[in-house]
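Thanks, everyone. I'll keep this brief. Please have the model up on your screens.

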Amino acid sequence: MPKFKTAVFGAGFVGRVHIEALRRLGTVDVTAVVAVPADLAARLAAELHIPRSDADYRKILEDKSIDAVHVCTPNAYHFPIAKDALQAGKHVLCEKPLALSTQQAREMTDLAKSSKLRNCTSHNLRYYPMVQHMRRMREAGDLGEILVVQGTYSQDWLLYDTDWNWRIDSKDNGPSRCMADIGSHFCDMAEHVTGLRITSLCADLQTFHKTRKQPKGPIETFAGKTLRPEDYTEVPIDTEDFGAVLFRMGDRTRGAFTASQVSSGCKNKLSIEIYGSKSGVAWNQERPDELWIGHRNSPNSVIIKDPSLLKEGARSYADLPGGHSEGYDDTFKQVFRRFYGSIEDPSAQPEYPQFADGLRQLTILEAELDSSRKRAWVDVG
């Protein structure tokens, strides 16, 4: 029998991903789903055979049998829902960005700490096996001193002014879109793999579409490419489509990255390159099982994911043998497995990003917004 009962708040793209990943664990029973309007929640519950649905998450929090909740709603609702869930005694896993501001995120972090409840920010992209292998290479000294970190997180799903998603609306999404949604993943991965912190940065953000055509009816993430003129309303846009960031990691390490939702042909391209004094590594999310390793005085190599050939600390992040691909959905499974494992064992040290990590990425995000406004370098707190 499953050891834990959980509820998923949110019935969009990522809510479905969470439900499917949770069911793969074998230890968690998804007993409720929440979405607005109520018929959306009911349809998803019926489709996925979830026994309970509601439009009011507070009613679900009253159920004492539920151990944990997953917050997969639009960003504006992360803070109030997570706060109420913690106060109701539930362990909380929240999608990123954790909140709309560092002030909200700090309150969430402090509340989670004082309540002694498990808390997780879903920076799941750390958990590709080859990303963990890069991290273990750095820990083993294979890369030497880290000198340069660079890359991009590029997508094209908002290339046209007819492309629409709730993230475009700052009322639901917050003051940043591209940098909060995908730029935060790059920064989290850069810090996680290198073990270094971004200490200062200079950012330039750009909104290419000053107005967009909003559909008159609801559409799901990555959908809605075939609308007709009578199906939408033109609205002004105040969130960015693109950002470029120069950054420093302490006195010597330097880096640069871009984040874009308007890059033709890039579907989900998180590409990171890390160059040290001994060797370099490069990884691309669109080819997740491959890792390029570069050398100065010997041939470069491309290795393919095979748990038997990974660094020992990275092996547990790969469940399938070599030649069997593990991708985006598997990263959620790896995070959730560790999250619920820590609930089962109160003495276990968390092996996943916590609310404090979500606060960290919001601190970087606010520095990026400040830098772009000032057209200047800004220190990261």
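Start with helix H9, residues 328-344. H9 lies across strands E1 (4-9), E2, E4, E5 (91-94) and E6. Its direction runs at about 165° to E5. Now helix H10, residues 355-374. H10 also packs on the sheet, where it touches E5 and E6. The angle between H10 and E6 is about 35°. Keep in mind throughout that this is a predicted model.

Next, the sheet itself. In what order do the 6 strands run? The order is E3-E2-E1-E4-E5-E6. The sheet is open, and the pairing is parallel. At the edges sit E3 and strand E6, residues 119-121. Each of these edge strands pairs on one side only. From one strand to the next, the twist averages 20°.

Let me take one pairing in detail. Strand E2, residues 28-34, pairs with E3 over 3 bridges, in the parallel sense. One position to click on is Val34, whose bridge partner in E3 is Asp54.

On to the nonpolar interior. How many residues make up the largest nonpolar core? That core has 70 residues. The residues with the most contacts inside it are Phe9, Val92, Val149, Leu201, Phe247, Ile272 and Trp283. Helix H8 gives this core its largest share, 9 residues. There is also a second, separate core, with 31 residues. Val8, Ala21, Leu48 and Ile50 are among its members.

Zoom in on Phe247. Leaving out residues up to four places away in sequence, what does Phe247 touch? Its contacts include Val149 and Leu201, both also listed among the residues with the most contacts in the largest core. Phe247 also touches Phe186, Ile198, Ser200 and Trp377. The stretch Arg254, Gly255, Ala256 and Phe257 completes the set.

Now charges. The model has 31 salt bridges. I'll show three pairs and one network.

Pair one is Asp63 with Arg52. Their closest N and O atoms are 3.6 Å apart. Asp63 lies in the loop between helix H3 (57-61) and strand E4 (68-71), and Arg52 lies in strand E3 (residues 52-54), so this salt bridge ties together parts that are 11 residues apart in sequence. Are these two buried or exposed? Asp63 is partly exposed, at 23% relative accessible area. Arg52 is partly exposed too, at 31%.

Pair two is Asp181 with Arg167. Here the closest N and O atoms are 3.5 Å apart. This pair links distant parts of the chain, 14 residues apart. Asp181 is in helix H8, residues 178-194. Arg167 is in the loop between strand E7 (146-154) and helix H7 (170-173). Asp181 has a relative accessible area of 10%, so it counts as buried, the cut-off being under 20%. Arg167 is buried as well, at 14%.

Pair three is Glu290 with Arg287. Their side chains meet in a salt bridge, 3.1 Å from N to O. Glu290 is partly exposed, at 27% relative accessible area. Arg287 counts as exposed, at 51% relative accessibility.

Last, the network. Which residues are linked in it? They are Arg24, Asp319, Asp329, Asp330, Lys333 and Arg337. That brings us back to H9, whose residues run from 328 to 344. Asp329, Asp330, Lys333 and Arg337 of the network fall in that range.

That's the tour. Questions, please.

Notes: Residues numbered from 1 in each chain as written. Predicted model: local features only at pLDDT ≥ 70, side-chain atom pairs only at ≥ 80, totals over all residues. Heavy atoms only, no water. Salt bridge = Lys/Arg side-chain N within 4 Å of Asp/Glu carboxyl O. Helix = DSSP H or I, 4+ residues; strand = E, 2+ residues; numbered from the N terminus. Buried < 20%, exposed > 50% of the residue type's maximum accessible area, 1.4 Å probe, protein only. Core = buried A, V, L, I, M, F, W, Y, C linked by side-chain atoms within 4.5 Å. Contact = heavy atoms within 4.5 Å. Pairing = 2+ DSSP bridges. Axes fitted to C-alpha atoms, helices over the stretch in contact; angles between N-to-C directions.
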